[in-house]
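Please keep the sequence and the three-dimensional model side by side while reading the paragraphs below. They are meant to be followed with the structure in view.

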Amino acid sequence: MNIFDVFSEEVDGYYYHTYDSVQELMSIYDESKYVQKSEIGYSNEGRNIYLVKLSDFSVPSENKKKILLVGGTHAREIMSVEVPLYFIEYFICHSGDEDLMQLLKEYEIWVVPMLNPDGHVRVENGEIFWRKNVKDTNGDGVIWQDQDTEQGDGVDLNRNFGYQWGIDDVGSSPDSMDSCYRGVAAFSEPETQAIQSITSRESGNEFLLVLSYHSYGNFILYPWSYTIDLIDNFFLYNSLSMTFDNILTGSYFKGSISLMHLQNGVLVDYSASNYDGKSPSISFTFELNNEAEGGFSPSVEYIPQTAEEHFGVLMYLLNDGSDKILQNLGTQASATDKNLMIS
Ligand SMILES: [Zn+2]
């Protein structure tokens, strides 16, 4: 099978990474004072799901704020792999920048750049609209997808997370051939289990922020997805999304995912929830690029532009944004305390 053209282009050193080139990157990143790498699981077809941690590991972990960035959940959304990879490269290439490295004394940035490697390989090999993971979900012995109707095998990983999984069939399907098939159970897939393994209560990790990258449409989205009810921290989400919009060029739709389409089993709903007693995180989905920029596969020139803009959002969060979040969460907690005292 031929490799999809866009993976053969290179402009100013930028190119779309194949799964093989991500593997190669992981093999050349040296573990250092600032970088740790690991595999947090294996896909259905046995490929590695990588995690890169960026932090100043000479500072004890318990004093740091954790941020989780996830890309490449939906296979065809190939820019969503490049943005988190750019962040990793940026930190590694700027380890002499004292201000930047100072931030890594305060933060641990955990990056999962390609959550769905099997689907990504399908896209690389020309099945350019592959969205779900790769699994024979109807059990007929072939793994197949119709490029026009999007009907075909696989589980939609962004409908397989546990919180409110399968509460209804709106935007989440029980049909094994549907493009939004949610799987047979919450966290039935090794790819979503990989995320659960680092975010569950048992993992002991508490993330202040979770950012989930998708494409396309220029959207800044936040929970909830499963209900039109407003999330508790709605005003904080609303204010942060307006700041992000100012940082990003172009016009963005901002709002809860449910305003666009109700759906359930979504990563940001899970990460914002207290599912199984885990601690909730402030959680955003970014839908990168728009139709005019090339939809699911913008030309390579868009990689640095898109990644730099979103690096700006990350920098805002590492500098002022997280203080704002902590202050807001603190205010809410004290309001609750006050209510408790009154009652
Ligand atoms: Zn997506």
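What follows goes from the sheet to the core and the helices, and then to some details of the backbone.

The model is a predicted one, and a convenient place to begin is its open sheet of eight strands, which has the order 1-2-4-3-5-8-6-7 and mixed pairing. Strand 1 and strand 7 are the edge strands, each of them pairing on one side only, and from one strand to the next the twist averages 20°. Both senses of pairing can be illustrated from this sheet. Strand 2 and strand 4 (residues 107-112) run antiparallel and are joined by three bridges, with Val 111 of strand 4 serving as the bridge partner of Val 52. Helix 2 packs on the sheet, where it touches strand 1, strand 2, strand 3, strand 4, strand 5 and strand 8, and the direction of helix 2 makes about 130° with that of strand 5.

Towards the other edge, strand 6 pairs with strand 7 (residues 253-256) in the parallel sense over four bridges, and Ile 220 has Lys 254 in strand 7 as its bridge partner. The chain passes from strand 6 through helix 6 to strand 7, and the β-α-β crossover made in this way is right-handed.

The interior can be approached through the largest nonpolar core, which has 79 residues and in which Ile 67, Leu 69, Val 70, Val 111 and Leu 209 have the most contacts. Helix 2 (residues 79-93) gives the most to this core, contributing eight residues. Leu 69 may serve as an example of the packing: leaving aside residues up to four places away in sequence, Leu 69 touches Pro 84, Phe 87, Ile 109, Val 111 and Leu 211. Val 111 therefore appears both among the core residues with the most contacts and as the bridge partner of Val 52.

How many of the ten residues of helix 5 are buried? Seven of them are, so helix 5 is largely enclosed by the rest of the structure. These buried residues are Pro 190, Glu 191, Thr 192, Ala 194, Ile 195, Gln 196 and Thr 199, and they pack against strand 1 (35-42), strand 2 (48-54), strand 3 (65-70), strand 5 and helix 8.

The loop between helix 4 and helix 5 holds Thr 149, which counts as exposed because 9 C-beta neighbours lie inside 10 Å of it. Thr 149 is 160 residues from Glu 309 in sequence, and their C-alpha atoms are 33 Å apart in space. Glu 150, in the loop between helix 4 (117-124) and helix 5 (190-199), has a positive phi of about 65° although it is not a glycine, and with 16 C-beta neighbours inside 10 Å it counts as partly exposed.

Most residues other than glycine have a negative phi, and most peptide bonds are trans. Asp 276 also has a positive phi, near 55°; this residue lies in the loop between helix 8 (267-272) and strand 8 (282-288) and, with 13 C-beta neighbours inside 10 Å, counts as partly exposed. As for peptide bonds, a cis bond with omega of about 10° joins Ser 215 and Tyr 216, and Tyr 216 lies in the loop between strand 5 (207-215) and strand 6 (219-222). Another cis peptide bond, with omega of about 5°, joins Pro 223 and Trp 224, of which Trp 224 is found in the loop between strand 6 and helix 6 (234-247).

Conventions: Residues are numbered from 1 along each chain as its sequence is written. This is a predicted model: local features need pLDDT of at least 70, side-chain atom pairs count only at pLDDT 80 or more; totals for chains, interfaces and linings use all residues. Helices (H or I, at least four residues) and strands (E, at least two) are DSSP runs, numbered from the N terminus. A residue is buried if 20 or more other C-beta atoms lie within 10 Å of its own, exposed if 12 or fewer, and partly exposed in between; C-beta atoms are placed from the backbone. Two strands pair if DSSP finds at least two bridges between them. A crossover is right-handed if, with the strands pointing away from the viewer, the path from the first strand over the helix to the second runs clockwise. A nonpolar core is a set of buried Ala, Val, Leu, Ile, Met, Phe, Trp, Tyr and Cys residues joined through C-beta atoms within 7 Å. Two residues are in contact if their C-beta atoms, placed from the backbone, lie within 7 Å. Axes are lines fitted to C-alpha atoms, for helices over the stretch in contact, and angles run from 0 to 180 degrees between N-to-C directions.
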